[in-house]
Amino acid sequence: MRVGVVGLGIMGGPMAMHLHKAGFLAAVYNRTRAKAEPFAKLGVYVAESPADLARRVDVVIVMVSDGPDVEQVLFGPGGVAEGARPGLVVVDMSTNSPDWARRFAERLAQLGVEFLDAPVTGGQRGAVEGTLTVMVGGREETFQRLLPVFKAFGRNVIYVGPVGYGQAMKLVNQVVVALNTVAMVEGLRLAKALGLDMEKVAQVLTGGAARSGSIELYLPKLLKGDLSPGFKAAHLKKDLAYVMEQANRLSLFLPATSLALELYKKMVEKGLGELGTHALGEVY
Ligand code: NAP
């Protein structure tokens, strides 16, 4: 199976590197070419466009920012659709929404191309260490066929249901991630104001009932004053907006998530969206 990766950012770059080590990677494409250089040095083909990449591979993995970005990569000028042939599989691993996933699947099906939505969780560290959790929506047979590809960077690879279910699962995950992150930021503010020793605070929060993946990933960075992403605040704002879109449609009351969205919106409005999600204290 020849795999191509479109989008070599914080997540896509290290994921593609694992695919290279596993012998799957046949081509990469990144809008800003500089991020493809490390791959060029390894002899990996750097495509001129997503269409050029699609012509050379059996599986296209897309790891860009938001739904409209995936749409552009798939159906825009020079997009995957232009280089697609029946039998090609497209896997969107970015986080967007079940609605986007179903639209992508329908449009690609007209070209004989199959689609899986397979967002991930585990942060930059999970991508670098190859320990991501992958949640996959689409045809189960196709999921099984692509399992070795997902295993190249994933420790937990979970089939969740038909197209759209991967993104649905990811939205649930993001509710928990966001509220954990807000909790960490507020807990640390209180700890500081109460004059506690931050090293001891870290020992308690990573040891007891308050511990979580988000805290383990981002508390050490926050204590060092390192506000760089990790996971960009703008991306979490995007995810929470998709959560609230679903919640509103279902008339579901999610007051804490709604508040978290307002906080991250504020962060983005202040021009801080490229900082990590753990930098939320900057808007308080
Ligand atoms: P990132 O570092 O901002 O990278 C985004 C990538 O998408 C870059 O390669 C960028 O290209 C490309 N891109 C964006 N818009 C594009 C467009 N319209 N056309 C072509 N390329 C485009 O983001 P990331 O952290 O890797 O996240 C990628 C996705 O994974 C997001 O959906 C995010 O929510 C999700 N995610 C992130 C994490 C995390 O902890 N970081 C964890 C799980 C899931 P350029 O280099 O040209 O800008």
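These are my notebook entries on a few spots I looked up in this structure, which is a predicted model.

**Entry 1: the main core**

I began with the largest nonpolar core, which has 35 residues. Leu19, Ile61, Val91, Met93 and Phe150 touch the most other members. Next I checked which elements feed this core with two or more residues each: β1 (3–6), α1 (12–21), β2 (25–29), β4 (59–62), β5, β8 (132–137) and α8 (140–151). Helix α8 gives the largest share, five residues.

I then picked Val91 and listed what it touches, skipping residues up to four places away in sequence. The list reads Val59, Val60, Ile61, Val62, Leu116, Ala118, Leu146 and Phe150. Apart from the largest core lies another one, of 28 residues. Leu188, Tyr218, Leu219 and Leu240 are among its members. As background, nonpolar side chains tend to be buried together in soluble globular proteins.

**Entry 2: helix α12**

Leu240 took me to α12, where it is one of the buried residues. This helix covers residues 233–249, 17 in number. From first C-alpha to last it reaches 24 Å, close to the 24 Å expected at 1.5 Å a residue.

Which residues of α12 are buried? I noted Ala233, Leu236, Lys238, Asp239, Leu240, Tyr242, Val243, Met244, Gln246 and Ala247. The list includes a lysine and an aspartate, so I wrote those two down by name: Lys238 and Asp239 count as buried because they fall under the 20% relative accessible area cut-off. The cover over the buried residues includes α4 (67–75), α6, α9 and α13 (255–269). Just after the helix, Ser251 takes a positive phi of about 50 degrees.

**Entry 3: Ser97**

Is Ser97 buried or exposed? It is buried, at 1% relative accessible area. Ser97 sits in the loop between β5 (89–92) and α6 (98–109). Leaving aside neighbours within four places in sequence, I found it in contact with Gln167 and Tyr242. I also checked Asp239: its C-alpha is 8.2 Å from that of Ser97, though 142 residues separate them along the chain.

**Entry 4: salt bridges**

My search of the whole structure turned up 12 salt bridges. I looked at three pairs and one network.

- Arg249 pairs with Asp99, with the closest N and O atoms 2.6 Å apart. Arg249 is in α12 and Asp99 in α6, so this pair ties together parts 150 residues apart in sequence. Arg249 counts as exposed at 52% relative accessibility, whereas Asp99 counts as buried at 16%.
- Glu114 pairs with Arg139, the closest N and O atoms being 3.3 Å apart. This one links strand β6 (residues 114–117) to the loop between β8 and α8, 25 residues apart. Glu114 is buried at 18%, and Arg139 is partly exposed at 46%.
- Arg2, Asp58 and Arg85 are joined into one network by salt bridges that share partners.
- Arg33 pairs with Glu37, the closest N and O atoms being 3.4 Å apart. Both ends are partly exposed: Arg33 has a relative accessible area of 43% and Glu37 one of 32%.

**Entry 5: a nonpolar patch on the surface**

Last, I went to the outside. Leu190, Leu194 and Leu196 make a nonpolar surface patch of about 320 Å². Leu190 lies in helix α9 (residues 165–193). Its relative accessible area is 52%, so I noted Leu190 as exposed.

Conventions
Residues numbered from 1 in each chain as written. Predicted model: local features only at pLDDT ≥ 70, side-chain atom pairs only at ≥ 80, totals over all residues. Heavy atoms only, no water. Patch = residues over 30% accessible without salt bridge, like charges linked within 9 Å, V, L, I, M, F, W, Y side chains within 5 Å. Areas by Shrake-Rupley, 256 points an atom, 1.4 Å probe, with all protein chains shown as cover. Salt bridge = Lys/Arg side-chain N within 4 Å of Asp/Glu carboxyl O. Helix = DSSP H or I, 4+ residues; strand = E, 2+ residues; numbered from the N terminus. Buried < 20%, exposed > 50% of the residue type's maximum accessible area, 1.4 Å probe, protein only. Contact = heavy atoms within 4.5 Å. Expected span 1.5 Å × (residues − 1). Core = buried A, V, L, I, M, F, W, Y, C linked by side-chain atoms within 4.5 Å.
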